[in-house]
Amino acid sequence: MAAKAGCVVSGEFMTEKAIRDGHARLVLIAGDASDNTKKKFTDSCHFYKVPCVQFGDREILGNAIGKQFRASLAVTDKGFAVSIGKNLDLEVT
């Protein structure tokens, strides 16, 4: 639903841009993403104080938003981020 509402950006470049620009409310990283990708987003999210969690794999993340493989995605709407965070047992403020 968040993707259809236009509240999700995906792919490394767009996710990183959303984090830096302050638009990201929650970042999801595929569990099978490279170690470099995981570290880059974990460090960036920590610095910008954005909740970040590893979830599923690239295929699952892509299918969740109606696209092919995605290593990362950012939810840009606070309401959707809080709702997704609750389902993942993650506190999103």
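This is a short talk on one structure, covering its main pocket, one of its helices, an aromatic pair and a few single residues.

Okay, thanks everyone. Before I start, keep in mind that this is a predicted model.

Let's begin with the pocket. The largest one has a volume of about 230 Å³. Its lining is made up of 14 residues, and the ones nearest the centre are Met1, Ala2, Ala64, Ile65 and Ile84. So what kind of residues line the largest pocket, nonpolar, polar or charged? The split is 13 nonpolar and one polar, with no charged residues. As for where the lining comes from, three elements each supply at least two residues: α3, which is 58-64, β4, which is 72-75, and α4, which is 78-87. The largest share is from α4, with three residues.

While we're on α4, have a look at glycine 85, which sits in that helix. Glycine 85 is buried, and its relative accessible area is 0%. What does glycine 85 touch, once you leave aside its neighbours within four places in sequence? The contacts are Leu26, Leu90 and Val92. For a sense of distance, take threonine 42: it is 43 residues from glycine 85 in sequence, and the two C-alphas are 16 Å apart in space.

Now over to α3, the helix that holds isoleucine 60. Isoleucine 60 comes out as partly exposed, at 41% relative accessibility. Go 30 residues along the chain from isoleucine 60 and you get to alanine 30, yet their C-alpha atoms are separated by 8.1 Å.

Next up, helix α1, residues 12-21. Which of its residues are buried? Thr15, Ala18 and Ile19 are. Those three cover an arc of only 100° around the axis, so they end up on the same side of α1. And what does that buried set pack against? The partners are β1 (8-10), β2 (26-29), α2 (35-48) and β4. You met β4 a minute ago, as one of the suppliers of the pocket lining. Right after α1 comes glycine 22, with a positive phi near 80°.

That brings me to backbone angles. Most residues other than glycine have a negative phi. Here are two that go the other way. Lysine 49 isn't a glycine, but its phi is positive, about 60°. You'll find lysine 49 in the loop between α2 and β3, the strand at 52-54. Is lysine 49 buried or exposed? It's exposed, with a relative accessible area of 73%. The other one is aspartate 89, again not a glycine, with a positive phi near 55°. Aspartate 89 belongs to the segment after α4, and its relative accessible area of 75% makes it exposed.

Just before lysine 49 in the numbering, there's the aromatic pair. How many of these pairs does the model have? The count is one. It's phenylalanine 47 with tyrosine 48: the ring centres are 4.9 Å apart and the planes sit at 85°, and since over 60 degrees counts as edge-to-face, that's what we call this pair. Phenylalanine 47 is exposed, with 61% relative accessible area, while tyrosine 48 is partly exposed, at 36%.

Last stop, helix α2, where threonine 37 is placed. Threonine 37 counts as buried because its relative accessibility is 7%, and the cut-off for buried is under 20%. Leucine 26 is eleven residues from threonine 37 along the chain, and their C-alpha atoms are separated by 16 Å. Leucine 26 has come up already, by the way, as one of the contacts of glycine 85.

So, to pull the main points together. The lining of the largest pocket has 13 nonpolar residues and no charged ones, with α4 giving the largest share. Helix α1 has its buried residues on the same side. And lysine 49 and aspartate 89 are the two to click on if you want to see a positive phi outside glycine. That's me done, so over to you for questions.

Methods. Residues numbered from 1 in each chain as written. Predicted model: local features only at pLDDT ≥ 70, side-chain atom pairs only at ≥ 80, totals over all residues. Heavy atoms only, no water. 1 Å grid on protein atoms, 1.4 Å probe; cavity = no way out; pocket = protein on both sides within 12 Å on 5 of 7 lines; lining within 4 Å. Points joined across faces, edges and corners; volume = space filled by probe spheres on them. Helix = DSSP H or I, 4+ residues; strand = E, 2+ residues; numbered from the N terminus. Nonpolar A, V, L, I, M, F, W, Y, C, P; charged D, E, K, R; others polar. Phe/Tyr/Trp six-rings, centres within 6.5 Å; stacked < 30°, edge-to-face > 60°. Buried < 20%, exposed > 50% of the residue type's maximum accessible area, 1.4 Å probe, protein only. Arc of directions from axis to C-beta. Contact = heavy atoms within 4.5 Å.
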